Amino acid sequence: MKSVIAEHLVKTYRNGEVKALNDLSLDVEEGTVLGVLGPNGAGKTTTVRILATLLKPDSGSATVAGIDVIKHPDKVREQIGLSGQYAAVDETLTGWDNLVMFGRLYHLGRQSSIDRANDLLERFDLTEAARRPIKTYSGGMRRRLDLAASLIVKPKILFLDEPTTGLDPRGRQDMWQVIQELVKGGVTLLLTTQYLEEADQLADEIAVIDRGTVIARGTSDTLKKQVGGERLEITVEPADLDKTNQIVAKISGHATHVDLRTVSAPVLHGSKDLMEALRAMDDAKIHPLDIGLKRPSLDDVFLSLTGHVAEETVQEPVAKGKRGSKR
Amino acid sequence: MKDAIHDAMIITKRQILQLARVPELLVFSTIQPVMFVLLFRYVFGGSIDTGQPGGYVQLLMPGIFVQTVAFTLASTAVGLAEDMKKGLIDRFRSLPISRGAVIIGRTFGDALLNILVLAVMAAAGFAVGWRPTSGILQTTLAFLFLFMFGYALSWIGILVGLSVKEARTVQSVGFLVTFPLTFLSNAFAPTTGMPRALQYFAEWNPVSTMVAACRQLFGLENEFGATANSWPSQNPLETSLLYMVILMAIFIPLSIRKYNNYSN
């Protein structure tokens, strides 16, 4: 069953001047994670805002948990959690204040709201900071609290808009761990990111979007295959470079690429070719410093799909209601 | 409906909590009106001969009360614009809460703050010689008028806050609107000295009718107000009430509509 379906979404800003979404369609299978990957301005946030009932598309349709987001936004809101760069918490209040307030707004009773707030604070390792204003939190703590606020009623479907943008590597690792635990709990997740590595880590399936439309989708593996197969890559001492080059060229049958100490070339049979290379190297009495099969990174995927590197394409307009600076 | 009130109360409570967490907010909201009371009382009070028993401060206090509640417009707008900018309103809008609860809650919160500010100002006024002479009932009614006026204006603030993108812009716009409105009135000086066109404006200015209404309710003769025998200056209570009803009838539905559609 599909938990999220978006069909032919179109959204323009400034009276049609800026096309944020241009016939975007995607869906998320129940209990899985879809990573929506794209550069700034590709339409990620606009997509999430439409699915989370914050924005109406110009045309197209979408359902979340089987409910039409345009016709019954109230019912959709009961099913979802939203956290992201634009859905925030009250910075003057403490973490505890915020969670209790959101609990009350979800119509949990007073005591249940307090219990739930305490649970979530503990789960996200924020108990110590619970009584401090959010203003004093680090970026990572703030994101964790923001995520906690979206989990108050244990939503089955969660939208995370760039959950780690602006975090340091440590904060990002922590956030990934938190998200992975959530996913184990069976939540359906739609996650946007501009980090290729993040989509690779967290998502079952990836939809690559560029200029308001999905240009490719599939698992991380299929996307990588789409770009090209594996490459055999051997690093040796410079003295052994020529001989190694001959070996690789013979196995590959394609043109090799030679760096200072590394030879690489596309291969068709993966590990079989790798074994053959190892035997040939052994016969020639060359000790490789490093040898392995390299698959293309998602950066390569993006480059080959879009013809340009993953960078800001069109500036996403500051639409009415879509405000704030990147943190 | 019950849910709507429940949700609005939670939002109101949030504003009270903010005051508790950041007490400076409270100090800054009360310090300016108190400063105005003292400045006007001692700077102008000595040189304006009112012919009233009790002197200028009797006439000044209603003026300053009205001016202060009029600034609710700007503070509501700024608060809302900041919440929008920070993404808090988006979070609220993604929750299954009643339509309008978020902005209704904010107007309640700002109204509560007004009660507090009015109380502090009344105390300051009392300290510098202000004495209402009309008895407890009429005096209370005057404060009720002030409270309602502030509440009606905060709905304009809601619409402004939802329409402008930058909180700082809101601050300037709010100032640009409320400042001339409070000075082109009978609040601080008689309108008789103004050019004729401005006198007409001042007579019909809701700030003037409110000030006149309060003066009447605090037990003063209405001689300091508009001198012409115009209907608003003769019937300040009725005119003020009419203004408040009109303002709310226009701005409450407009604001709620804007809130529900603001991102389209």
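Okay, let's start with how chain A is carved up: there's a domain 1, covering 2-87 + 150-225, and a domain 2, covering 230-294. Those bounds come from an automatic or database domain assignment. Taken over C-alpha atoms, the centres of domain 1 and domain 2 of chain A are 41 Å apart.

Quick housekeeping. This is a predicted model, where local features need pLDDT of at least 70 and side-chain atom pairs count only at pLDDT 80 or more, while totals for chains, interfaces and linings use all residues. Residues are numbered from 1 along each chain as its sequence is written, and chains are lettered from A, ligands numbered from 1, in the order in which they are written.

So, chain A overall. The C-alpha trace spans about 75 × 50 × 35 Å along its principal axes. We get 11 helices and 14 strands; these are DSSP runs, H or I of at least four residues for helices and E of at least two for strands, numbered from the N terminus. Of the 327 residues in chain A, 44% are buried. Buried here says that 20 or more other C-beta atoms lie within 10 Å of a residue's own; 12 or fewer is exposed, in between is partly exposed, and the C-beta atoms are placed from the backbone. As for contacts, take those in chain A with a separation of 6 or more: 67% of them link residues 24 or more positions apart. A contact is two C-beta atoms, placed from the backbone, within 7 Å.

Let's go to the sheets. One is an open sheet of four strands, ordered β2-β1-β4-β5 in chain A, with antiparallel pairing. Pairing takes at least two DSSP bridges between the strands. At the edges are β2 and β5 (67-68) of chain A, each with a single partner strand, so one side of each has no neighbour in the sheet. Helix α1 (residues 44-51) of chain A packs on this sheet, touching β1, β2 and β4 of chain A, and its direction makes about 120 degrees with that of β1(A). For angles, axes are lines fitted to C-alpha atoms, for helices over the stretch in contact, and the angle between N-to-C directions runs from 0 to 180 degrees. Inside the sheet, β1 (residues 2-13) and β4 (residues 59-64) of chain A are antiparallel over five bridges, and Val4(A) has Val64(A) as its bridge partner in β4(A).

Now, one residue to click on: Ser25(A), in strand β2 (residues 18-29) of chain A. Why does Ser25(A) count as partly exposed? Because it has 16 C-beta neighbours inside 10 Å. Beyond its neighbours within four places in sequence, Ser25(A) is in contact with Ala6(A), Glu7(A), His8(A) and Val214(A). Ala265(A), on the other hand, is 240 residues from Ser25(A) in sequence and 37 Å from it in space, C-alpha to C-alpha.

Next up, strand β7 (residues 157-161) of chain A. Five of its five residues are buried. Ile157(A), Phe159(A) and Asp161(A) sit on one side, with Leu158(A) and Leu160(A) on the other, so to speak, as you'd expect given that side chains in a regular strand alternate between the two faces of the sheet. β7(A) has parallel pairings: five bridges to β6(A), and five more to strand β8 (residues 188-193) of chain A. Ile157(A) stands opposite Ile80(A) and also opposite Thr188(A) in β8(A).

Over to the other open sheet I wanted to show. Four antiparallel strands of chain A run in the order β12-β13-β11-β14. The edge strands are β12 (257-258) and β14 (290-294) of chain A, each pairing on one side only. Helix α9 (residues 241-252) of chain A packs on the sheet against β11, β12 and β13 (262-266) of chain A, at about 10 degrees to the direction of β13(A). Helix α10 (residues 271-283) of chain A lies across β11 and β14 of chain A, at about 25 degrees to β11(A). Strand β11 (residues 231-235) of chain A is joined to β14(A) by five bridges, and Leu232(A) stands opposite Leu293(A).

Last thing, chain B. How many residues of chain A are in contact with chain B? It's 30, against 23 residues of chain B. On the chain A side, α2 (73-77), β6 (80-84) and α3 (95-105) each give two or more residues, and α3(A) gives the most, with four. That side divides into 14 nonpolar, five polar and 11 charged residues. Ala, Val, Leu, Ile, Met, Phe, Trp, Tyr, Cys and Pro count as nonpolar, Asp, Glu, Lys and Arg as charged, and the others, Gly among them, as polar.
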